[in-house]
Amino acid sequence: MNYKLISVIVPCYNSGSTLPRTIESIKNQTWQEKEIILVNDGSNDKSTIEILESYKKDILVKVIDQKNKGLSSARNKGVINAKGNYLFFLDSDDWIDLNTLEELYSNLQDNKNFAYVFTDSVLEGESKGIRKNEFNLFEQMFINQIPYSIFIPRKIFIENGFYDEKMKLGYEDWELNIRLASKEYYGKRIPKALFHYNVSNSGMLISKSIKNHIKIWKYIKLKNEK
């Protein structure tokens, strides 16, 4: 068994215009021990289906099809089919710097008292800037400070119940973070902006929660600059 294998879970829904960039950012990682799990969550556009089909012959990629059930279900489906000891979540319109998986793995090994790690975020698209994802348990109860793109041992994720598939309008990652914290599983910030978050009105999930949080991120950024 390859104990260093990282499974990168990518839910896909009608994301043909951005999906190749996402996949290639994973394939080109400096970290070699990886697999890419693409979960087609009932896409019905031709470009997404063609792109997914083209990757089915790639030895690094596993494509899984399911009926449209939402983001939480798609991520959970990916985890169920993952072989790695570690999980990393990436949506189909976002991407990561080439050394991201290496940084995530190394930092988690160096911080055994933490359950998972995450990086700062580069806001792309309709909003620009760097989001410093500082974690504070009290403040976490009021606003989610942690990006969905966490790096976590598969064992911890499974033992704590996966994503809640009843949450179809967003906040599924926030709920998971609070649930983990309630069991004293805490995350550690890596103060490097390695994760590129595409701020757009299209994508895997269009929700008021995301738009509201972008406004809050801008407020926090301005506050930190003062």
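## A walk through the fold

Buried residues account for 53% of the 226 residues in this protein. Keep in mind that you're looking at a predicted model. The chain is built from 8 helices and 9 strands. If you take the contacts between residues at least 6 apart in sequence, 79% of them join residues at least 24 apart. As for the outside, the accessible surface comes to about 11200 Å², and 54% of that belongs to carbon and sulfur atoms.

Let's start in the middle. The largest nonpolar core has 51 residues, and L38 and F89 are the ones with the most contacts inside it. Strand 1, residues 6-12, gives the most to this core, with 5 residues. This fits a broader pattern: in soluble globular proteins, nonpolar side chains tend to be buried together. Have a look around L38: beyond its neighbours within four places in sequence, L38 touches V10, C12, I23, L52, Y55, V61, K62, V63 and I64.

What does F89 look like in its own setting? Go to strand 4, residues 86-89, where L87 and F89 point one way while Y86 and F88 point the other, and all of them are buried. That back-and-forth is what you'd expect, because side chains in a regular strand alternate between the two faces of the sheet. Strand 4 has partners too. With strand 1 it pairs in the parallel sense over 4 bridges, and there I9 stands opposite F89. With strand 8, residues 151-153, strand 4 pairs in the antiparallel sense over 3 bridges. In that pairing, Y86 has P153 as its bridge partner.

Now for a piece you can trace from end to end. Strand 2, helix 2 and strand 3 make a right-handed β-α-β unit. Strand 2 and strand 3, the latter covering residues 61-66, run parallel and are joined by 6 bridges. One spot to find along them is V39, which stands opposite I64.

Between strand 2 (34-41) and helix 2 (46-54) there's a loop, and G42 sits in it. Is G42 buried or exposed? Neither, quite: G42 counts as partly exposed because its relative accessible area is 24%, and the buried label is kept for values under 20%. Across from G42 you'll find K67, 25 residues away in sequence, yet with a C-alpha to C-alpha separation of 4.5 Å. Setting aside neighbours within four places in sequence, G42 is in contact with Y13, Q66, K67 and N68.

Step back along the chain to the stretch before strand 2. The loop between strand 1 and helix 1 holds N14. Phi of N14 is near 50 degrees, which is a positive value in a residue other than glycine. N14 is partly exposed, at 30% relative accessibility.

Helix 1 comes next, spanning residues 19-27, and S25 lies in it. Why does S25 count as buried? Because its relative accessibility is 7%, and anything under 20% is called buried. Its side chain has a polar atom 2.8 Å from the backbone oxygen of T22. Apart from neighbours within four places in sequence, S25 is in contact with L90, W95, I96 and L98.

Just past that helix, N28 is in the loop between helix 1 and strand 2. N28 is partly exposed, with a relative accessible area of 45%. A polar atom of the N28 side chain lies 3.0 Å from the backbone oxygen of E24. Along the chain N28 and D97 are 69 residues apart, while their C-alpha atoms are separated by 9.1 Å.

Finally, jump ahead to the later part of the chain. F162 is in the loop between helix 6 (154-159) and helix 7, and the phi of F162 is near 65 degrees, again a positive value in a residue other than glycine. Helix 7 itself, residues 172-182, is mostly covered, with 8 of its 11 residues buried. Which residues of helix 7 are buried? They are E172, D173, W174, L176, N177, R179, L180 and A181. After helix 7 comes E184, which has a positive phi near 65 degrees.

Notes
Residues are numbered from 1 along each chain as its sequence is written. This is a predicted model: local features need pLDDT of at least 70, side-chain atom pairs count only at pLDDT 80 or more; totals for chains, interfaces and linings use all residues. Side-chain values use heavy atoms; hydrogens and water are left out. Helices (H or I, at least four residues) and strands (E, at least two) are DSSP runs, numbered from the N terminus. Buried means under 20% relative accessible area, exposed over 50%, partly exposed in between (1.4 Å probe, protein chains only). Contact means heavy atoms within 4.5 Å. Accessible areas come from the Shrake-Rupley method with a 1.4 Å probe; for residues, only the protein chains shown count as cover. A polar contact is a pair of N or O atoms within 3.5 Å; within protein, one must be able to donate a hydrogen and the other to accept it, and residues adjacent in sequence count only if both atoms are side-chain atoms. Two strands pair if DSSP finds at least two bridges between them. A crossover is right-handed if, with the strands pointing away from the viewer, the path from the first strand over the helix to the second runs clockwise. A nonpolar core is a set of buried Ala, Val, Leu, Ile, Met, Phe, Trp, Tyr and Cys residues joined through side-chain atoms within 4.5 Å.
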